[in-house]
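Q: Please walk me through one part of this model at close range, then follow the chain outward from there. I would like a connected account that keeps the backbone, the burial and the packing together.

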Amino acid sequence: MWCRIFKRADLHCHTNCSDGSLTPTELILKAKERALFGLSITDHDTIKAYPEAIVAAQQQGIALGSGVEFSCHYKKMPVHILGYDFLLDSRHIDILTTQHQTRRLLRNRAILEKLAQKGMKIEERELVEAHKGKSVGRPHIADLLVKKGYVSTIREAFHLYLGEGKSCYEMGVEFSLSEAIETIHRAEGKVFLAHPHLLASTVHTKAILDLPFDGIECHYALFSKESAAKWLKIAEERKLLISGGSDFHGEAKPQIELGCSFVGQEQFDLIFHEPLVK
Ligand code: AMP
Ligand code: ZN
Ligand code: FE
Ligand code: FE
């Protein structure tokens, strides 16, 4: 019943341009099927989904705002941020996404070396060829580990080897949170702290929130209303905008359905002054 009452927009989802399983067109069709009015696609460190997604959104009558999820660090702690409503053709965004692809390439190489030392052989060429043109990361490596029979599930691959602090984990080059925020602002976008519920440590939370964020992702995935309450209060106190989304990845995270977390029309309009598709 709830899905009929509220107008919903999912502002956090991934396509197969990063580690989601659906193409941009399939994702827009899924949004239509799930009766969403709007979407922002937030692939990891890439905006490649947009040319195709814009056409599909126009055809399906789905409102679409620009989005991206950048993997940054604060004092070596991973922090994800969401950029919204930025200019898609901004050279600042182009430079940052290109730098991130190099970071990913080097980091993946280091992870493959660690796996090889444990007798799990994946050639870099195999990884690159299996996922040409994508923003490649740990889920793609996990998938190959499953296909080669080294582990039985992606979950197990993360649990045993690829998760933070596990034996084959590599952080990669540290990307400054402040610089990424500045880059999105230069591209005339807004910056949100992504899934603060998942920050590994609360030691730096205040310092992180003191950075020039425009908003906080208060509604996230399957987290309850109660867990959103804390972040909604912080957003209100700091006069920040509120975003929400599922972090849908398709088959890669089958328990998370598109639109299970969302914002309404009012919040969508506050975030997207220049939607790509209205
Ligand atoms: P990367 O971008 O290479 O650091 O990989 C991060 C992505 O891995 C996240 O966005 C999730 O999609 C996925 N991931 C992280 N932890 C797990 C896990 N325990 N099980 C499955 N997927 C995970
Ligand atoms: Zn992901
Ligand atoms: Fe994230
Ligand atoms: Fe995400």
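A: In this predicted model, aspartate 247 sits in the loop between strand E8 and helix H11 (265–271). Its phi is positive, about 65°, although aspartate 247 is not a glycine. Is aspartate 247 buried or exposed? With a relative accessibility of 5%, aspartate 247 counts as buried, because the cut-off for buried is under 20%.

A second residue with this kind of backbone is worth a look. Lysine 239 lies in the loop between helix H10 (225–237) and strand E8 (241–245). Lysine 239 is not a glycine either, yet it has a positive phi of about 55°. Its surroundings contrast with those of aspartate 247: lysine 239 is exposed, at 75% relative accessible area, while aspartate 247 is buried at 5%. Glycine 149, just after helix H6, also takes a positive phi, of about 80°.

That glycine brings us to H6 itself, which spans residues 138–147 and has His140, Ile141, Ala142, Leu144 and Leu145 buried. These buried residues pack against three helices: H4 (91–117), H5 (124–130) and H7 (154–162). For the pairing with H7, the two axes come within 9 Å and cross at roughly 105°, so H6 and H7 are roughly perpendicular to each other. On the H6 side, the contact is made by Arg138, Pro139, Ile141, Ala142, Asp143, Leu145 and Val146, and on the H7 side by Ile154, Ala157, Phe158 and Leu162. Sorted by class, this contact has 9 nonpolar and 2 charged residues, with no polar ones.

Now compare another helix pair. The axes of H2 (residues 24–33) and H3 (residues 50–60) come within 8 Å of each other, crossing at roughly 30°. That angle makes H2 roughly parallel to H3, and the crossing of H2 with H3 is right-handed. Here Pro24, Thr25, Ile28, Leu29 and Lys32 of H2 meet Glu52, Ala53, Ala56, Ala57 and Gln60 of H3. The residues of this contact divide into 6 nonpolar, 2 polar and 2 charged.

From the helices, let's turn to the metals. Glu69 (OE), His80 (ND1) and His195 (NE2) are the protein donors of the iron ion (ligand 3), at 2.0 to 2.2 Å from it. Their spacing in sequence reads E-x10-H-x114-H. Histidine 80 in strand E5 (residues 77–84) and histidine 195 in the loop between strand E6 (190–193) and helix H9 (205–209) link distant parts of the chain, being 115 residues apart. Histidine 195 is buried, with a relative accessible area of 9%. Glutamate 69 also bridges to a second metal, the iron ion (ligand 4), which lies 3.6 Å from the iron ion (ligand 3).

One last stop ties in with this site. Serine 71 belongs to strand E4 (residues 67–74), and a relative accessible area of 10% makes it buried. Setting aside neighbours within four places in sequence, serine 71 contacts Asp45, Val79, His80, His100, Arg103, Arg104 and Phe175. Among these contacts is His80, which is one of the protein donors of the iron ion (ligand 3).

Notes. Residues numbered from 1 in each chain as written. Chains lettered and ligands numbered in written order. Predicted model: local features only at pLDDT ≥ 70, side-chain atom pairs only at ≥ 80, totals over all residues. Heavy atoms only, no water. Axes fitted to C-alpha atoms, helices over the stretch in contact; angles between N-to-C directions. Helix = DSSP H or I, 4+ residues; strand = E, 2+ residues; numbered from the N terminus. Parallel < 35°, antiparallel > 145°, perpendicular 65-115°, else oblique. Left-handed = near helix turned anticlockwise from the far one by under 90°. Contact = heavy atoms within 4.5 Å. Nonpolar A, V, L, I, M, F, W, Y, C, P; charged D, E, K, R; others polar. Donors = N, O, S within 2.8 Å, 3.2 Å for Na, K, Ca; no water. Buried < 20%, exposed > 50% of the residue type's maximum accessible area, 1.4 Å probe, protein only.
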